[in-house]
Amino acid sequence: MGNSSPAILELKNIHKHFGANHVLKDVDLRVQSGSLVFIIGPSGSGKSTLLRCCNLLETPDSGRVLFKGEDINLKGVDVNLVRQKIGMVFQSFNLYPHMNALSNVSLALRKVLKLSSAESQELSLAALDRVGMRHKADSLPSELSGGQQQRVAIARSLALKPDILLFDEPTSALDPELVGGVLKVMRELRESGMTMVVVSHEMSFAKAAADHAVFMDQGKIIEEGTASQLFENPSNARVKEFLATLKHD
Ligand SMILES: Nc1ncnc2c1ncn2[C@@H]1O[C@H](COP(=O)(O)OP(=O)(O)O)[C@@H](O)[C@H]1O
Ligand SMILES: [Mg+2]
């Protein structure tokens, strides 16, 4: 994919501090429409913060967040609309325990988009179908495996018809045998043309699905390229070191 393809999301010169901790240091990120950008790096390097800046769950101290060419890091921007269009899937699923899968998915459709029950139910069932979970629409989260809960969480984001989905270590909380089902859903989303930004340590998934891979260290992107460039032939010593620790896990 050439650099001439339009960027649907572009972060420019992003800085973020938490108190005295300078967590993002002049970060630039370009996400082309329909591409999958994969972010890797050591714990504490700022991956989650960067992802959260993409949909304004965190406000950058400075820099620009351009979504479809418009700066959304400005006062007066409708953050709810931004978060609907740039959805997020978390490591910990964050489903409501007292609501069944269908209600978890349809809640935002009813409350945020103000759709009728019938309409939100139809869209929610379609979203559950996309992640292979329609047959569990009536189940409570406690009746589902971690992998199934994560697929419901993905359906919840999908139901809002996002332009971009952000994934923050979506399989890190799962038992190994449940990881494959979630990655399969992510691969299908990618094949359907969804724009995705994924923080994960699933290297085989990255090699198979990522268009662009980014390595973060201490608040900076220190190397980026294709997945095979970055993972098989990194030029930065720190990247090499980190990849070696992953392989020995
Ligand atoms: N809400 C917060 N308040 C204060 N410090 C935070 C907050 N979120 C993250 N940090 C700090 O920012 C740094 C980067 O964290 P994070 O983005 O979570 O890194 P990663 O996802 O790569 O592990 C860490 O030093 C972390 O302690
Ligand atoms: Mg993180």
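What order do the strands of the four-stranded open sheet take, and how do they pair? A few notes on that and on the rest of the fold follow.

1. First, a caveat: this is a predicted model. Please read the distances and angles below in that light.

2. On the opening question, the order is β2-β1-β4-β5, and the pairing is antiparallel. The edges are taken by β2 (21-32) and β5 (70-71), each of which has a pairing partner on one side only. Helix α1, residues 47-54, packs on this sheet and touches β1, β2 and β4 (62-67). The direction of α1 makes about 125° with that of β1.

3. If you want to check the register of β1 against β2, there are handy pairs to click on. Nine bridges link β1 (residues 7-18) to β2 in the antiparallel sense. Alanine 7 sits opposite glutamine 32 of β2, and glutamate 10 has arginine 30 as its bridge partner in that strand. The two strands make a hairpin with two residues between them. In the turn, glycine 19 has a positive phi of about 60°.

4. Then there is the pairing of β1 with β4. These strands run antiparallel and are joined by five bridges. Lysine 12 is worth a look here: its bridge partner in β4 is arginine 64. As a general reminder, strands of a sheet pair through backbone hydrogen bonds, either parallel or antiparallel.

5. Now the other sheet. It is open too, with six strands in the order β6-β7-β8-β3-β9-β10, and its pairing is mixed. Its edge strands are β6 (86-89) and β10 (220-225), each paired on one side only. From one strand to the next, the twist averages 20°. For a parallel example, take β6 and β7 (residues 164-168), which pair over four bridges; valine 89 stands opposite phenylalanine 167 in β7.

6. Which helices pack against the six-stranded sheet? One of them is α1, which touches β3 (36-40), β6, β7, β8 (195-199) and β9 (212-217). The direction of α1 makes about 160° with that of β7. Helix α6 (residues 176-191) lies across β3, β7 and β8, and runs at about 145° to β8. Notice that α1 packs on the four-stranded sheet as well as on the six-stranded one.

7. On to ligand 1. Its surroundings include Phe18, Asn21 and Val23, along with the run Pro42, Ser43, Gly44, Ser45, Gly46, Lys47, Ser48 and Thr49. By class, that shell has three nonpolar, seven polar and one charged residues. Which element gives the most to the shell? That would be α1, with three residues. Both β2 and α1 supply at least two residues each.

8. For anyone setting up restraints or just inspecting the site, here are some polar contacts with oxygen atoms of ligand 1. Glycine 44 has a backbone N or O atom 2.7 Å from one oxygen. A side-chain N or O atom of serine 48 lies 2.9 Å from a ligand oxygen, and a polar backbone atom of glycine 46 is 3.1 Å from one. Taken alone, the ligand exposes 550 Å², and the protein buries 59% of that.

9. To pull this together, I'd start the inspection at α1. That helix touches β1, β2 and β4 of one sheet and strands including β3 and β7 of the other, and it gives the most residues to the shell around ligand 1.

Definitions and conventions. Residues are numbered from 1 along each chain as its sequence is written. Chains are lettered from A and ligands numbered from 1 in the order in which they are written. This is a predicted model: local features need pLDDT of at least 70, side-chain atom pairs count only at pLDDT 80 or more; totals for chains, interfaces and linings use all residues. Side-chain values use heavy atoms; hydrogens and water are left out. Two strands pair if DSSP finds at least two bridges between them. Contact means heavy atoms within 4.5 Å. Axes are lines fitted to C-alpha atoms, for helices over the stretch in contact, and angles run from 0 to 180 degrees between N-to-C directions. A residue is near a molecule or strand if one of its heavy atoms lies within 4 Å of it. A polar contact is a pair of N or O atoms within 3.5 Å; within protein, one must be able to donate a hydrogen and the other to accept it, and residues adjacent in sequence count only if both atoms are side-chain atoms. Accessible areas come from the Shrake-Rupley method with a 1.4 Å probe; for residues, only the protein chains shown count as cover. Ala, Val, Leu, Ile, Met, Phe, Trp, Tyr, Cys and Pro count as nonpolar, Asp, Glu, Lys and Arg as charged, and the others, Gly among them, as polar.
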